[in-house]
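Please walk through this structure one region at a time. Keep the sequence and the model side by side as you read.

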Amino acid sequence: MRYLPKSPAERQKMLSEIGAQSIDDLFATIPAEYRLERDLRIPRQLAESEILDYFHRVARRNSVGYHSFLGAGAYRHYRPVIIDSLVQRGEFLTSYTPYQAEITQGTLQAIFEFQTMIAELTGMDVANASMYDGSTGAAEAVMMAVRVTGRHKAIVATTVHPEYREVLATYTKYQGLPVSLVAYDRQTARIDLKALDAAVTDETAAVLVQSPNFFGVIEDIPAIAQIAHAKGALLIVAITEAVSLGIVRPPVEADIVAMEAQSFGVAISYGGPYCGVIAAKEQYLRQMPGRLAGQTVDRDGYRGFVLTLATREQHIRREKATSNICTNQALVALMATIFLTVYGKEGMRELALHNLAKADYAARTLSAQPGARLVFNGAPRFNEFVLHTDEPPDFWTPRLLDANIAGGVPLRRWYPELGNATLWCATEVVTRAQIEIAAKVISAASAEV
Amino acid sequence: MASDTKNLNPASDCRANGKVRSHQTQNEALLFEKSSPGKRAYKMPPLDVPEVDPAALLGEACRESTGLLPELSEIEIIRHFTRLSTWNYAIDLGMYPLGSCTMKYNPRVNEVVARIAGFAEAHPYRPNSHAQGAMEIIELLQKCLLEITGMDAITLQPAAGAHGEFTGILLTRAWHESQGNPRRTVLIPDSAHGTNPATAATCGYSVENLKSSADGGIDLEALARQVNEETAALMLTNPSTLGVFESQIHKIADILHSKGALLYMDGANMNALVGKVRPGDFGVDVMHLNLHKTFSTPHGGGGPGSGPVACKAFLEPFLPIPVLVREEDGTRHWNYDRPHSVGRVRAFYGNTGMFIRALAYILANGPDGLRQTTEDAVLNANYIRKKLEDLYELPYNTPSMHEVVFSDKRQAAMGVKTGDIAKRLIDYGFHPYTVSFPMIVSGALMIEPTESESLEELDLFIAAMRSIAREVEETPELVKTAPHSTRVSRLDEVQAARKPILRWKPAAS
């Protein structure tokens with residue numbers, strides 16, 4: 001086997017030095033009746049060239065070359081090539097959690113830089129080293145708010161990503177933590193502030209909203225914060241489209257931000273691996289889950305970085321830990337760090353502006369087609385919008401696919417009240433021509449009826 | 001330069017040994033300290049749609065500035081991260097015997113196939129007809145993992161080992177509830193990883209500690225006394241964190257099952273078992289795997305991982321949604337209509353990029369390669385044990401599988417602790433073993449070489465450990481002040497925790 005660095009003679013030599021007759025001696029503690037005396041029934045050993053052939057063949061069954069208007073929690077942005085050049089350096093790729101600070105300063109400093117940029121972008125004081133993804137990060141943020149407030153109820157906007165809400169339901173099921181929903185305004189798609197005001201009580205630990213929300217609409221964070229804070233509840237803002245922070249005001253009134261950082265240079269990869277992150281106001285630091293890198297000095301006074309505040313974590317606190325999380329998404333966080341460095345201060349703004357412009361043009365163009373209209377009006381959007389068509393999406397989706405276009409995500413599955421509505425996303429990689437082709441197909445489909 | 005710490009004052013600081021402390025590769029500043037306005041590493045294509053006025057579109061939601069994000073050119077970014085990378089130790093540089101983490105070779109073909117456009121660019125909400133390839137990978141990996149574990153059903157959704165534990169205990173709880181009583185406690189041996197009790201607590205169970213027997217294993221009599229009608233499960237790592245196979249495993253399962261409790265297996269140490277024995281055959285009801293340990297997906301400085309959960313058929317109805325289904329015509333889709341499901345533990349379907357890598361590893365090995373891998377992992381650990389047991393105390397004399405745990409008892413008598421020996425190993429060019437874990441061993445040295453080490457590398461490691469043992473006797477201060485060869489040494493963790501500095505801030509001007 002080509003990954004195994006031993007000759008048969010070396011194996012024999014090692015066995016005899018150990019004093020074993022055969023390798024079976026080393027497995028003698030496994031009761032004989034359970035030992036597997038046959039080959040595993042899995043495919044035979046493949047050559048590297050066969051592995052490449054296999055995966056290329058299978059990948060073709062996933063279509064390629066499609067222009068996509070899909071967003072809804074996973075966003076297609078341009079990925080600068082140096083991201084993959086750098087993260088494939090073995091020193092990053094094949095190291096592990098920086099427990100031994102002296103020989104992991106590279107990872108630790110990069111995490112410190114990540115934490116700094118995420119805190120700055122989200123308008124929070126501190127950010128952790130990453131969570132599994134945005135959905136688990138949002139759920140962990142709610143649990144964090146429960147620990148901070150000592151209260152045991154949560155309020156969630158129905159415009160939080162439906163799958164995030166499902167994850168939250170799973171996480172809170174056995175925590176004695178009832179979660180109630182607050183609906184959206186049918187005109188603007190923003191959370192219904194009156195309903196929110198009525199729902200928040202002095203037993204509410206946290207209000208969780210998403211902004212831009214699942215319909216792409218930017219919430220009125222100051223107004224929501226006021227309602228939550230008036231009753232002593234924390235405000236948690238989830239962000240699924242991190243690129244929005246280049247041009248959208250950060251949710252500085254929030255207490256905790258739970259963000260999915262996939263948009264920052266992470267391949268869309270059929271849903272993962274992505275990179276969640278929790279950022280918060282400093283006073284909640286000790287209730288934050290996940291790893292943190294901190295600055296310190298070494299014995300000669302030189303600056304260095306270490307994992308810190310580990311007394312919150314499971315390997316010290318066991319069942320009293322802030323979370324059971326151990327492994328996080330360090331390499332993906334490194335991708336995000338490199339992405340943010342490549343675009344930098346000016347680039348993040350320009351990138352976000354391109355998204356704003358493309359989505360604005362796409363929304364105007366598509367909604368101008370016969371039988372099509374924008375569902376929501378009156379509140380600002382970033383790069384997603386909800387389109388309603390007279391015909392159900394099943395009708396025009398195949399026609400769009402024939403034109404090499406993946407259209408919007410049908411919303412009926414989660415929001416039956418929205419009928420034929422679909423959620424469209426236009427990032428900087430979508431071209432004007434693609435938008436116009438999509439408009440033509442929808443228009444032609446409508447004319448067929 | 002905004003900081004007053006020493007390494008940003010690269011005045012000529014030439015040491016007696018001629019090492020120039022101010023060497024630029026040793027003093028890479030933070031991105032923010034290197035930034036200067038007007039530098040760029042990007043270029044947007046021309047905007048092909050009408051420009052928009054953000055203030056008009058966004059109103060009060062419009063952002064003024066992205067603050068301190070750095071402004072640098074591409075070459076500076078390459079150098080920055082390349083220099084940082086050289087401050088890391090990695091498997092690619094040498095042996096990384098971090099016990100219970102299974103730091104094995106990460107094959108490069110895995111990285112290549114995970115980046116094939118058909119997978120890397122696949123949106124999770126694309127129509128099923130356009131995602132059959134990703135689903136085929138998921139299906140084949142599921143099949144392979146079920147065969148390897150001997151279990152009946154599986155979910156790949158959990159994002160890491162601890163997330164898998166959470167999912168597995170949720171399945172356990174859902175099943176007990178379906179039997180009329182969720183039960184109250186989860187039993188956890190005192191040798192377990194901290195994620196186990198943290199997981200049980202997250203699932204609403206109280207944790208009951210199970211004291212290890214004199215040989216470090218499960219004490220069957222104590223177990224029989226502690227298991228009752230309120231015990232939901234035992235969370236057992238097998239081989240244990242001592243690297244010992246629970247040879248009474250079938251009796252453990254019988255004791256649990258006789259009271260209606262389940263046997264959960266933490267699969268962290270599966271690298272000792274693949275191809276040799278299957279948990280499903282020895283009584284395990286539910287378990288998780290760590291694809292980043294056993295199946296070679298890269299650890300990446302702390303993640304991403306992937307923690308599939310495999311279970312017996314009676315737990316299948318409770319698996320997280322969605323579940324992959326294959327129709328008779330060969331097409332696949334996701335089934336969300338599962339009324340007994342515990343729900344979702346993560347958005348979308350899991351860390352698909354890791355599934356591709358793990359499957360590439362399994363295919364590169366085949367049945368013979370996987371078996372040989374396990375045998376070599378166990379051979380390596382036993383070789384180290386044999387070559388070091390005269391100098392380092394073996395707290396338990398039970399046979400080792402894929403890892404060996406020593407204690408620092410003899411060295412501690414001379415004032416040198418496991419943490420010091422670990423730091424000194426760095427000077428010899430190795431990543432340290434896992435320090436002070438498992439907690440049932442005072443001053444533990446937990447060594448897991450994995451199968452990826454050649455005889456030559458093992459002999460170098462053994463020579464280093466033997467040399468350190470001699471140093472402990474002859475020049476203990478040398479060990480207690482290690483490492484001596486690194487850029488920074490013995491960082492002040494107390495200061496880091498007392499006054500946390502968790503982000504850079506510009507110096508007040």
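The buried residues of α13(B) are covered by a set of elements that includes α12 (409–412), β11 (434–435), β12 (444–447), α14 and α15 (476–480) of chain B. The model is predicted. Helix α13 of chain B spans residues 418–427. This helix is mostly covered, with eight of its ten residues buried. At its start, Thr418(B) is buried. Asp420(B), Ile421(B) and Ala422(B) are buried too. So are Lys423(B), Arg424(B), Leu425(B) and Ile426(B). The list thus takes in charged side chains, Asp420(B), Lys423(B) and Arg424(B) among them. Just after the helix comes Gly429(B), where phi is positive, at about 90 degrees.

One of the covering elements, α14 of chain B, also packs against another helix. Its partner is α11(B), residues 352–388, while α14(B) itself runs over residues 455–474. The two axes lie 10 Å apart, at an angle of about 30 degrees. Angles under 35 degrees count as roughly parallel, so α11(B) is roughly parallel to α14(B). The crossing is right-handed. Which residues make the contact? From α11(B) come Asn380(B), Tyr383(B), Ile384(B), Lys387(B) and Leu388(B). From α14(B) come Leu458(B), Ile462(B) and Met465(B). By class, six of these residues are nonpolar, one is polar and one is charged.

Now turn to helix α8 of chain B, residues 195–202, which holds Ala201(B). Is Ala201(B) buried or exposed? Ala201(B) has 22 other C-beta atoms within 10 Å. The cut-off for a buried residue is 20 or more, so Ala201(B) is buried. Leave aside its neighbours within four places in sequence, and Ala201(B) is in contact with Val207(B) and with Glu319(A). The second of these partners belongs to chain A. Val186(B) lies 15 residues away from Ala201(B) along the chain, and their C-alpha atoms are separated by 8.9 Å.

The link from Ala201(B) to Glu319(A) leads on to the contact between the chains. Chain A puts 164 residues into this contact, and chain B puts in 172. On the side of chain A that touches chain B, which element gives the most? That is helix α11 of chain A, residues 330–367, with 24 residues. By class, this side of chain A has 83 nonpolar, 48 polar and 33 charged residues.

Notes: Residues are numbered from 1 along each chain as its sequence is written. Chains are lettered from A and ligands numbered from 1 in the order in which they are written. This is a predicted model: local features need pLDDT of at least 70, side-chain atom pairs count only at pLDDT 80 or more; totals for chains, interfaces and linings use all residues. Axes are lines fitted to C-alpha atoms, for helices over the stretch in contact, and angles run from 0 to 180 degrees between N-to-C directions. Helices (H or I, at least four residues) and strands (E, at least two) are DSSP runs, numbered from the N terminus. Angles under 35 degrees count as roughly parallel, over 145 as roughly antiparallel, 65 to 115 as roughly perpendicular and the rest as oblique. A crossing is left-handed if the near helix is turned anticlockwise from the far one by less than a right angle, and right-handed if clockwise. Two residues are in contact if their C-beta atoms, placed from the backbone, lie within 7 Å. A residue is buried if 20 or more other C-beta atoms lie within 10 Å of its own, exposed if 12 or fewer, and partly exposed in between; C-beta atoms are placed from the backbone.
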